[in-house]
Amino acid sequence: MVKISVVIPVYNVEKYLEQCLDSVTTQSFDDIEIICVNDGSTDSSPEILKRYANNDSRIKIISQKNKGAGAARNVGIENAAGEYVYFMDSDDYLNADAFERLNDFLDDEPDFVMFKISNFYEDGTKADDDDYYTMPYLKSHVGKNSFSYEDVSDFALNLCVCPPSHLFRHEFISDIRFPENILFEDNVFFTQALFKAQNIYFYDEFLYNRRRRLDSTTTPISVRSIDTIEITNMILDLCKKFNHENHKKELYYRIFHNIYQIFKRADESQKPELFDKIKEEYIKSSSKWETDDYFTNNLNPEYKHMYNCAIKSGNWKQFEKCVDNYDSSLKTRFNRLRKKLT
């Protein structure tokens, strides 16, 4: 058995793939296998993979029709032989001694190890450090100690969910999979791992370099941004399963406040499709939410108003006007009350 299986989904990344593969194949720690899942690439990525595989027997290529990063990672898990599994993105690169440093933690058989990510721009310049990827609050809270969900419950759902920021024990994730054919799938995978784990380490060092691309699947506003609703519903289910329902307030915040901010920031030409998707998802979730005690009795009234506006509105203009009228209605009531008091 190899120590670490490196799983790399590959889809049309001919411009960056060599840098990625070079950073893995030249690691100072070499007890690894490299599983490259060609996810239906139509550029020269498959040829690049074959060339590297011919020169390095540790590289295994699995080809499939385009199914997305989540499905590709799941295939990687199912074919991994390593004691630990590491998920890497094919447009990024690792520090040369990343696995050697991580191996120092593995004698204690942690469920997973977390570490920091450095971001850089297309021109190679370093981006400013981002608390989301560096997690300074985690260091100050747990230090060098092993921890579990209970130790970080106050900010558990704000931790970095990016797969390249974690090294997982293979047996530990044997029953965890990424949701497929949906964006933001890493949120669900990480949340389930965090809720389940008893032995997590945080290594306060930068080991991975993440490229900020303008054509990233998660950067532009599109109808797929509304996948946030379905993903957050999955996390709500995990909270119920693991009895961590204290997170409902922040999860409903994502479902309503964040979704409406996406809608408001969108170009007017995008709003009809965004509204249709929001309404579809709210209707689909109505039976789930309306039987939830928190939704019924404790949900922010503004969010309940937003939900009702989406259900009742016939088009995006009606929806926007209905939601925005909530603020003006509050101001009117406040002004009336102030006049009475004065």
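Gln192 is buried in this predicted model, with a relative accessible area of 12%, and belongs to helix α7, which covers residues 185–196. The same helix, α7, is the leading contributor to the lining of the largest cavity and also supplies the largest share of the lining of the second largest cavity. Helix α9, residues 248–265, carries a kink of about 35 degrees. The points below take up these elements in turn.

**Gln192 and its surroundings**

- Gln192 counts as buried because its relative accessible area, 12%, falls under 20%.
- Setting aside residues up to four places away in sequence, Gln192 is in contact with Asp175, Ile176, Leu238, Lys241 and Phe242.

**Helix α9**

- Helix α9 is built from 18 residues, and the distance from its first C-alpha to its last is 25 Å, close to the 26 Å expected at 1.5 Å a residue.
- The kink in α9 is centred on Arg254, a residue that is itself buried.
- Other buried positions of α9 include the aromatic residues Tyr252, Phe256, Tyr260 and Phe263.
- Leu251, Ile255, Ile259 and Ile262 of α9 are likewise buried, as is Lys248.

**Largest cavity**

- The model has two cavities of 30 Å³ or more, and the largest of them encloses about 60 Å³ of space.
- Its lining consists of Ala156, Leu157, Leu159, Val161, Asn187, Phe190, Thr191, Leu194, Ile235 and Arg254.
- Helix α7 provides four residues of the lining of the largest cavity, the most of any contributor.
- By class, seven of the lining residues of the largest cavity are nonpolar, two are polar and one is charged.
- Arg254, at the centre of the α9 kink, is among the residues that line the largest cavity.

**Second largest cavity**

- The volume of the second largest cavity is about 40 Å³.
- Phe87, Val161, Pro163, His166, Phe168, Phe178, Asp186, Phe189 and Phe190 form the lining of the second largest cavity.
- Strand β7 (166–169) and helix α7 each contribute at least two residues to this lining, with three coming from α7.
- The lining of the second largest cavity comprises seven nonpolar residues, one polar residue and one charged residue.

**Residues shared by the two linings**

- Val161 and Phe190 appear in the lining of the largest cavity and again in that of the second largest cavity.

Technical notes. Residues numbered from 1 in each chain as written. Predicted model: local features only at pLDDT ≥ 70, side-chain atom pairs only at ≥ 80, totals over all residues. Heavy atoms only, no water. Buried < 20%, exposed > 50% of the residue type's maximum accessible area, 1.4 Å probe, protein only. Contact = heavy atoms within 4.5 Å. Expected span 1.5 Å × (residues − 1). Bend = angle between axes of the 7 residues up to and from the residue. 1 Å grid on protein atoms, 1.4 Å probe; cavity = no way out; pocket = protein on both sides within 12 Å on 5 of 7 lines; lining within 4 Å. Points joined across faces, edges and corners; volume = space filled by probe spheres on them. Nonpolar A, V, L, I, M, F, W, Y, C, P; charged D, E, K, R; others polar.
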